[in-house]
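Reader: Could you take me through one bit of helix packing in this one, in plain words? I'd like the geometry and the residues involved, with your cut-offs spelled out.

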Amino acid sequence: MTSFAQHNFANQKALIRVDFNVPLDKQTLAITDDTRMTAAVPTIKKILNDGGSVILMSHLGRPKDGPEDKYSLRHIVNHLIKLLDGATVKFANDCIGEEAIEKAAHLQVGEVLLLENLRFYKEEEKGDADFAKKLAALGDVWINDAFGTAHRAHASTAVIAQFFAPEKRFFGLLMDAEVAAAEKVLHKSEKPFTAIIGGAKVSDKILIIENLLERATDIIIGGGMAYTFMKAQGGHIGKSLCEEDRLDMALSVLAKAEAKGVNIHLPSDSVIADNFSNDANTSTAPSNNIPDGWMGLDIGAMACQQFTNVLHRSKTILWNGPMGVFEMSHFQHGTKAIATAVAEATTNGAFSLVGGGDSVAAVNQFGYNDKVSYVSTGGGALLEYFEGKQLPGIAAVNS
Ligand code: AMP
């Protein structure tokens, strides 16, 4: 594999798999968060500046059965033109077939062609080789810059690789940066290395926790999943979120951590509510002694301090998942306190990587996105990377 940065794309048609799966307003279909688009811009610009042309392919949303206007990539063309400083962006109403072939063939140096949503074809997610071959025929080289879908073995993210010689496959600049940040945390972490794992369910995060037990010095567990750990240890958690079938798993994580000398930090206290609502009555309680009829919806003030102390002495930080129901204003204090502590630790020299939809949303919402070292564009992909799995979208470029 040649390095993308070193390759000169002059007079080449570069077929790039990007992740333009951006959220659109249901009514107006305007883009509500363009992070994924802006993240791909440096890769596109490098090729155009070299004197090449670009063919972009992506999915958008989850169309069920063929084309649906609300999932058309047509809606993002004007914004793409703006992000590319007025470059010519053409659009093909179908990602394969005559129109796409024709428009790709006539693409001039400095121009961009955006193909219609790949997922209008079932073949994309099935990883169909014939479909991948048709896409591959449109470009001279293939670039994977879609970290957000790197954990999928789809036609455009992995299967397509076989139709390009190794020297014609590249990672884009976004993919390079994502992999470098993840590698730094996973394999080159300076210690102490603290992983903050939050969110709703233990079952979703168990594999990442197990893998982190091999690498981290400290693991902070917050959010709804903390209560399964509390109950497993004999605590009283009222009507807090709990996965009864994961109690043994929680105990086994604690035992493994102890055997390996990894410190597990659970929230000592919680903000509790009598209802799952922002208008509920609230109080605070020890996280292992929540009264009947009440539920923990955020970490408490003591837990904020406890976690902040751990983060302040950390040199590497990974954050995935919120500390509470941060979507409701009365239960976002804990997540905000952690975001602040991660930002402060970063200012003091720690390397911090934030990934996973909700923690990224929280960091953005509280205005800390430029105060952490790296904000990943990958949710599921980043999780699987940290679970120790090989991602098909990365393996395909390297093979
Ligand atoms: P995940 O997708 O697993 O990272 O979980 C994120 C979701 O967990 C968010 O929507 C939070 O509102 C929710 N969550 C966090 N803490 C709690 C809690 N204590 N009780 C219920 N839900 C929670």
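Reader: Is the crossing of α10 and α11 left-handed or right-handed?

Author: The crossing of α10 and α11 is right-handed, meaning that the near helix is turned clockwise from the far one by less than a right angle (anticlockwise would be left-handed). Before we go on, bear in mind that this is a predicted model, where local features need pLDDT of at least 70, side-chain atom pairs count only at pLDDT 80 or more, and totals for chains, interfaces and linings use all residues. Numbering starts from 1 along each chain as its sequence is written, and side-chain values use heavy atoms, with hydrogens and water left out.

On to the pair you asked about. Helix α10 covers residues 301-312 and helix α11 covers 333-347; helices here are DSSP runs of H or I with at least four residues, strands are E runs of at least two, and both are numbered from the N terminus. Their axes come within 9 Å and cross at roughly 20 degrees, with each axis a line fitted to C-alpha atoms over the stretch in contact, and angles running from 0 to 180 degrees between N-to-C directions. That angle makes α10 roughly parallel to α11, a label used for angles under 35 degrees.

So who touches whom? On the α10 side you'll find C304, F307, T308, L311 and H312. They meet H333, G334, A337, I338, A341, V342, E344 and A345 in α11, where contact means heavy atoms within 4.5 Å. By class, that makes eight nonpolar residues, four polar and one charged. Nonpolar is Ala, Val, Leu, Ile, Met, Phe, Trp, Tyr, Cys and Pro; charged is Asp, Glu, Lys and Arg; the others, Gly among them, are polar.

For a comparison, look at α7 (residues 202-212) and α9 (residues 247-260), whose axes come within 11 Å and cross at roughly 15 degrees. These two are therefore roughly parallel to each other, but α7 passes α9 in a left-handed crossing. I206, I209 and E210 in α7 meet M249, V253 and K256 in α9, a contact of four nonpolar, no polar and two charged residues.

While you have the backbone up, there are a couple of oddities to click on. Most residues other than glycine have a negative phi, and most peptide bonds are trans. A cis peptide bond joins K191 and P192, with omega about 0 degrees, and P192 is found in the loop between α6 (173-186) and β7 (193-197). N11 isn't a glycine, yet has a positive phi of about 60 degrees; look for N11 in the segment before β1 (13-17).

Methods. Angles under 35 degrees count as roughly parallel, over 145 as roughly antiparallel, 65 to 115 as roughly perpendicular and the rest as oblique.
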